[in-house]
Every structure is written in C-alpha cells, then in structure tokens.
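Reader: I have a model open on my screen and a handful of labels I would like to understand. Could you take me through the reasoning behind them?

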Amino acid sequence: MKKTSGPVKTSPGSGRTQAAGRPENFPIVGIGASAGGLAAFEAFFSGMPADTDPGMAFVLVQHLAPDHKSMLPELIRRYTRMEVFEVEDRMSVRPNCAYIIPPGCDMALLNGALQLLEPSEPRGQRLPIDFFFRSLAQDQHERAIGIVLSGTGSDGTLGVRAIKGEGGMVMAQNPESTEFDGMPRSAIATGLVDYELPPAGMPAQLIAYAAHAFGNAPQEGAVPAPKTESALKKIFVLLRAQTGHDFSQYKPSTIHRRIERRMAVQQIPEIDGYVKFLQQAPAEVEALFRDLLIGVTNFFRDPEAFRMLEEQVVPKLFAGKPAGGTIRVWSAGCSSGEEAYSLAILLVERMEALKQSYTIQVFATDIDKQAVAAARAGVYPSSIAADITPERLARFFTAEPDGYRIQKGIRDLLIFSEQNVIKDPPFSKLGLISCRNLMIYLGADLQKRLIPLFHYALNPGGFLFLGTSEGIGEFDSLFAVQDRKMKIYLRKEKFSIARREEVEPFLPAVSAVGAAARQPAARTAFPAKLPLRELTERALLQQVVAAAALVQSHGDILYLHGRSGMFLEPSTGEAGVNNILKMAREGLRQELPVALRKALDTSDTVRAFGLRVKTNSHFTAVNLTVRPVTDASLPDSQLFLVILEEAPCDTSDVADTSEVCDARIATLRQELRAKEEYLQSTCEELESSAEELKSSNEEMQSVNEELQSTNEELETAKEEMQSVNEELATVNTELQTKVADLSRSNSDMNNLLSGTGIATLFVDHGMRILRFTPAASEVINVIPSDVGRPIAHIVSNLVDHKPLVEDIRCVLDTLATKEVEVQTTGGKWFKMRLQPYRTLENVIEGAVISFVDITEIVQTRNALREANDLLRLAVVVRDAHDAITVQDLDGRTLAWNPGAVRMYGWSEAEALAMNVRDRIPQDLREGALEKLRQLSRAKVLDPYPTSRLTKSGKSVKVSIISTALLDGAGEMYAIATTERAARQDNIQ
C-alpha cells in the first residue's frame, strides 16, 4: 500500500467505507491525463478560486510507472488550497479534496469510496482512465464529471461515453493548449464533449455548471419535470423540424433529465429561456438531439449474455442451412457499431468451425447519422482492447496509430444505414434481431409497436435479443422465453386470431401481392394458377433441349435439366458437390474442359459437334454447347449453361465399303489412343503440379502464420513501448520539475554562500576540488578551471600553516570537526573550519572547508588585550600613595591621580586646568626647565629632591622621578612624574 507524507498523516476515510446507499450529494470530478499532464494539472488547479471552496471532489488518474514513486501529490499541493491525498484502499471521498491514484494500481469508485485493485492487464494495455471513468459513471450517475487532459493514445474515450450515458458532463482540453493531443482529440471525436477549454479556464466553467446543475437538486426519488407542458411540446417541435425525428413518445424521465442537463451546460435557469435559446441556436438543437441519442455500447457488452448467444443461439442460426445459405441478422439501434461487429465476429467464428461457406448479412441501423458514419469507418480507440480477447483482437482488427480498424473481411459482412425503427420499414427474413437498451428510452406505446414489428421481421424460429432491463411485456403469444436472465426470446409460429387482429395494426404496410398471400385459404375459391408465360416456356424447354446443366466456372453443377444419364455418370468416391468435369463420360471428358475454359476466357458461346460419347457398349454422336449465363441479380457470378444433345444422323452420305470403314476406324482409334495417352500424361503432370502448388501454398500459409504471429508480437511490444513511453514522459515531466526546483535551490544556495562572504571549499575523498565559493580565491589561489584538480596542487595564501591535505585527511579519518585560526599573506585573519561532507543518507563523500573572516575580531581582541594592560596600569596609578602626574611638553597637566590630590590639595579637575609652573616655586622654575632638557636626552632621570607648592600655597619637599613618554616614532610627547613627599607633612 502506498503512503504519502505531509497532510496525509490522518487520511480522511482511510480504511473505512460509507454505509450502503447513495453517497453524499456533491459532484465528483474525474480528471485523466497522460504525457504532458503535469503542466495541465498545474494550470487547472492554479485556476481554482483562492478564497472559496469548489464544493466538489477531484480524483486525478494519470499513467504512472509502476516502479517509480510519484511526486504528483507534492507538486499539486503547491497550486491548491485543498487537501491533497494519495489514495489508499477504501478511502472515502470528501468534497473540497483532491485524490491522486498511486502507481501500479487500477482505481474504481463504489458507494463513494475509492477502491484500489491490482491491474489485470499487462503493462502496455492498461487503461486506468477508462476503468475509473466507467466506475465513476456507474456510481455517481448524473453527478459524474469527466475531464480529459493532455496525453497520447485514446484512454478515456470509452469512459466519456459511459459518463454521458449516465447523464454526466464531460470536458476536454482543447488540442491547441496540449503537449500531446491524442487523448483529447479522441474524446472530442466522439461528439460527446460539452466543453473544450484550456485547463486554466476549466475551473470557472466547472463551478458555474455545478451551481446550475446541483444548486437546486431535486429530492431523492422525485422525477424532475419542466415547468410547463407547453414548453416541452415546443422543444419536441423544434427537434422534429430540424432533425425529422419525433421524441414526444420517449420516456418523460429520460427527456426531462437530458433537457435539464443541457440547461445546466448552457447555464439557463428557466425552461422558457431554454426554448428561446433553441430557437436562436440550431447548434444547441443538434446538441440536445445527440444527448437524447447517447448510446452506451462496447464490444461484447455483457460478456455473459454474448457467451449465451454464442453457445445457444448462433449454432441454431446455421442449423439446417445448406452450404451457401444466407444468414441474416439485424442490429437495431447499433450506435457506433460495436455490437453489430460483435455479432458478425460470432457468426464468422461459427462458420469457420463448421468449415463451410455461408452468406452472412448483418444489417446495422441507427437514427444518429454521425454514429452510423463512425460505424461505417470501423475505426475504434485502443481502449477497446479491454473488451476484446487478444485472440479476437489479433484476428479481426488491424492496429493503426490511433487505435484499431476492423478487418475488411468482417466489414464487408455489414450493411449500415440510417433508419428510424419506429416509422421506417423493417428488414425481413431475419434469423436474429438484436435490439439492446433502446426500448428502455421509449414510452409504453412505442414498445408495443416494436415487439410485433420484430415478430414480423423474423423467420420462423428466429431469435430476439434484448437488453437486460427490457422485455416483451404482454406479447408472450408472439415470443417464447429462451433465456429469461439474458433476455433471449424465440419467435412463436402460431397464435390466436384474436391476438393476430390485436397486433395487425402495428405491422408495416406491405404490397398488394404480400397482402393477398396473407389472406386465409377459405377466401380463395381456386388455388393459385401458374402464370401462362412460365407454363409455355417450360414446355418449350422440354421440347427443344433434352439435357442441360447450369455450372460454375470450375464445373460444379448448380442445376440439372432433362435426362443426362447418356452423357454424365456419377464419379467414384465420397458423395459431395457434383462436378460435371468428373461426371463426363468417355468421349466428352477431353472436349468439355476445353470448351468451358474457352467460354470463360471469351465470354462467348462455344460449340463442339459430332463428339463420339461412349454409352454402355456403343458410341453416340453428341453436339456440345457451352453458353455464359448472365443475370442482373447476380452481377459478379460466373455461370455457364452446358447443353448436351444427340447429333442428327446424315443419311445422304454414300456408305463406304466395309474395308475402308474398318481401316478408317482403326486409324482413328490409333490416333484417339495416342491423344488419350498424351492427355493422360498431361493430366498427370497437371496433378503433379497441383500437388506441388498445394505444398507450396501450405508452406506459404505456414510462413504467413509465422509472420502474423511475429506481427502480433511486434504490435504487443509496440503497445508496451507506447505505454512505457507515456510513463517515462510523466516521470520526465516530474523530474524536470524537480530539476527546476533543484536549480532554483542551487541558485539560492549560491547566492546565500556568495552573500555571506564565507569562503567555502568542497573536496571529495581523493582530495579533488568539487566546488568553491568566490570568496575562497582570497584564501587559496583557485580559479573555475581548478574544479577536479587535487587541492595539493593549489598554492594557498596562508602564513605559517601546514598543508591543507594533512588537515583534510585527519578530519576524514576521525570524522571530527576541526577549527584553526589562520592568517593570510595579506594580513587578514580567518577561522578555518574543516568537517566531513555528509549526504542525506548520512554517507561521507568528502570534506567541507570554510574560512570565516575574523580580522576585525582579532584586531578587537588585541585592542582589548592592550586595554586590559592599560586598565591594570590605571589601577596601579589610581591606588598608588605617590602623586603621579602627566604633563605635555608645554607643561599642561594631562593626568592627576588621587595621590596627587592628597599631596597637593587640588582636585583632578582643577589640576587639569593648571600648568606645572603653577606648582613650582618661583626660585626653582629655572632648575625645573634644566631637568626637562636633561630628560629629553636621558629619557628617565634619577630621583631628585625638589619643592612643590600645594593648593594652600605651602611649599612641600618632594622626591621626583621623571620619565619621558614616547610615541610610535620614538619622539617624546609627554612627561610622567612620580612625586613622593620627603617627610610626613600634614597637607590641608
């Protein structure tokens, strides 16, 4: 069972089924696509309203590779606000949700729940869209909506017919907007598609249709009816005026449903408005007409019924028929011809089983001229393979790019015509009538007319084949039940006079001759007389021609006239078809084949006189005439009349002497014997050649069968390849989307790495460079062409660092992250971080080296270190008992510690506004200047005693140590002094 991620953690209805009964009243939309479907899906869901719920459920069916996990759910979630689920078995369908078929499954809908099944067909013949559409139509009826999007082949076409047959609605993508137009074109060709739109325009039309069709849905069991009978009659008048067909006696429920559906399609709320629309739009009249005629059919529909037909009915059609006899079958309401061709296939199979030749005629009629035209063409979509066995598909169909074409041998057996079974004359002398699922749409009065009509058209012992929901009603006196379940009935021969009078009004009009033939015998005084012309011709024929035979071109006798025993005799061997060439007596055997062949070649009368034909023990002179026979009713037949008559004796000749006669007879006998030997030799050679030709023909047949078998295998392989190609196209589209996502992610990642300015280098196990960011070239001398080169070949700009190869190898060996601070030759500092490169599967495939610029951090750190050093010095200065001052070269005070405050009395603020001269007694100032000059030379002076003034004006004896303060260039810029009182004075 397939599982999904994301919102599918709590699947709605997963593992549950709804209670038996009608599912919730919301439409379910089946969407089928194949190659190119992903873009169509995205466009469709992008067109859904962003702020409202559609009020319907969506089930997506796509041709998926069974061995490839689908990314479709994740892709669809990007374009819709609805919940998206990959289907699990028995998942109930809820509105405003999207459900996606999982790979390797067929899917059906039963009581509003999705059922997953193992595919029954081989990979190249699966039709998952048709399979789901059919179950959708059977489960949801008029609430089924089918949409066919881009794809190759014809999957979905039969499903479209099923949905329309149940009163649903169908959309198809217009071919101009598709990547592959096979599936949409096949659906559109049925004439059943309501809307042809691009995917982005479908949601708005779909929601509008649902609002009109289901916004005011009738209650369960209620029969929807138009508002007025007057409007309904006007619609019947418009239909009859344009199409010539009267629908007023069809079942009201069917009529009402179809009209309301067309009103929903056109979004017309009132019946009167629809009548006006019909008057203005002849195309809508045609569309309504086609909706009323929707025929849901397929090959061998209801297989059990056709199996019963094959076993019980078809053999009886051939029973008692001589070779060459005619089998006539009528398929009434044939729609697009599938059922008619199915009947023809059964008849051909039976004829081949009997190994005899018969004339098969299948009449197929329908009121819909477009359906009849499609049936005449005999071309069907590839999806018919689901309804036909592979053996029949190979024997009776020819594969084409767009599907299958019925073989000419079957097509020639059928005669298609447009016919209204209600008002047009029926066929006659039929062995079988198939009229399935037509009468269920007709009213009771029309049904009462049809059953006697079918009885009239059938031969005695003929069969009537009806649909599973149909029956003969009250006409049990006309038909006997052959199989009640399969609705097969047998025509009765005799029924009461009262019943005959009852059904007589329903029979078609016939000619006066036919009517006279049906009159009771009591009404005729004398038996019918033979026509005088025929009586005269028969007498003349007996008088003029003694013996004659009507034969075919190869000598088979069709009819014998007169006494022919003098000229013909039965041949030895098994009795069968009599051949005049084999029955000819001695003396006629040589001339008769020659004359027949000459008449066939020249199409003219051939005569041979005075043939000596041996009859018992004597010879008779015989005149032979072979005359071609033509008949307008048999234009293609090659028939010949062989006339045999005794030659009259000529008594005027003078009799020869007995010796001359004997000599002449002997000579003639010798010549005749020689000719007979020559002819015998020729016949033997011909027989030998015939045997060789027969052997060659058998070999050619064998070769043909092998070629046919090979062709079937190639067709099967072609179908499988086409299916695989569609699946690969779907996978390719998903992968292209994934590649686009990866490309976008890659671009985002590149921009991210470039934007951060972090130098990053990726290497594999072989220390070869895989990729790097632009900032990496500042640390290591790499250029784009270095990708793939070993990193050991690249020169780095690092100062006093061991080669990177050793660091990388250490990280790969230990799988531990390593961080080192390094400096480049340009003076910048970086934090080099080495760590293993791990895939999503946690596989080590190399290493990642990143360089983070920490130059400012290093500088700040050094500054902090210097600041800390100064801070410690400041603490010493602050807490020292001595007075510590700093003054510039001009004597201005720059620093004044607490010890100076205690010693001299001035606060720091006051001292910073003073000059050092203000603290030196007047008489000592010159000496202080001399000390300054000494300090500039010695940088540091030894402690020397001197005096300084306090704030109170008192002179204090101090010991001073003066130190020069130098800048970076070694120049003195200030003087620091440490002053200590020479003795303990109380300074105020």
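Author: Gladly! Let's start with a definition: a residue is buried under 20% relative accessible area, exposed over 50%, and partly exposed in between. Please keep in mind that this is a predicted model.

Reader: Why is D302 called partly exposed?

Author: D302 has 30% relative accessibility. Partly exposed covers the range between the 20% and 50% cut-offs, so D302 counts as partly exposed.

Reader: And what makes R436 buried or exposed?

Author: The value for R436 is 6% relative accessibility. The limit for buried is under 20%, so R436 counts as buried.

Reader: How do you know that D302 forms a salt bridge with R436?

Author: The closest N and O atoms of D302 and R436 are 2.7 Å apart. A salt bridge needs a side-chain nitrogen of Lys or Arg within 4 Å of a carboxyl oxygen of Asp or Glu, and the pair D302 and R436 is counted as one. D302 lies in the loop between α10 and α11, and R436 in the loop between β17 and α16, so the pair ties together parts that are 134 residues apart in sequence.

Reader: What makes E821 and R861 a salt bridge?

Author: Their side chains meet at 3.4 Å, N to O, and the cut-off is within 4 Å. E821 lies in strand β29 and R861 in helix α24, so this pair ties together parts that are 40 residues apart in sequence. E821, at 37% relative accessibility, counts as partly exposed. R861, at 34%, also counts as partly exposed.

Reader: Why is D764 called buried?

Author: D764 has 13% relative accessibility. Buried means under 20%, so D764 counts as buried. You will find D764 in the loop between β26 and β27.

Reader: Which residues does D764 touch?

Author: Leaving aside residues up to four places away in sequence, D764 touches L770, E845 and G846. In addition, a polar atom of the D764 side chain lies 2.9 Å from the backbone nitrogen of G766.

Reader: What makes up the nonpolar surface patch of about 300 Å²?

Author: L870, L873 and V876 make that patch. Residues in a patch have over 30% relative accessible area and no salt bridge, and nonpolar side chains are joined within 5 Å. L873 sits in helix α24.

Reader: How many salt bridges are there in the whole structure?

Author: A search finds 28. K164, D194, R262 and E284 are linked in a network of salt bridges.

How values were computed: Residues numbered from 1 in each chain as written. Predicted model: local features only at pLDDT ≥ 70, side-chain atom pairs only at ≥ 80, totals over all residues. Heavy atoms only, no water. Helix = DSSP H or I, 4+ residues; strand = E, 2+ residues; numbered from the N terminus. Buried < 20%, exposed > 50% of the residue type's maximum accessible area, 1.4 Å probe, protein only. Polar contact = N/O pair within 3.5 Å; in protein donor to acceptor, adjacent residues only side chain to side chain. Contact = heavy atoms within 4.5 Å. Patch = residues over 30% accessible without salt bridge, like charges linked within 9 Å, V, L, I, M, F, W, Y side chains within 5 Å. Areas by Shrake-Rupley, 256 points an atom, 1.4 Å probe, with all protein chains shown as cover.
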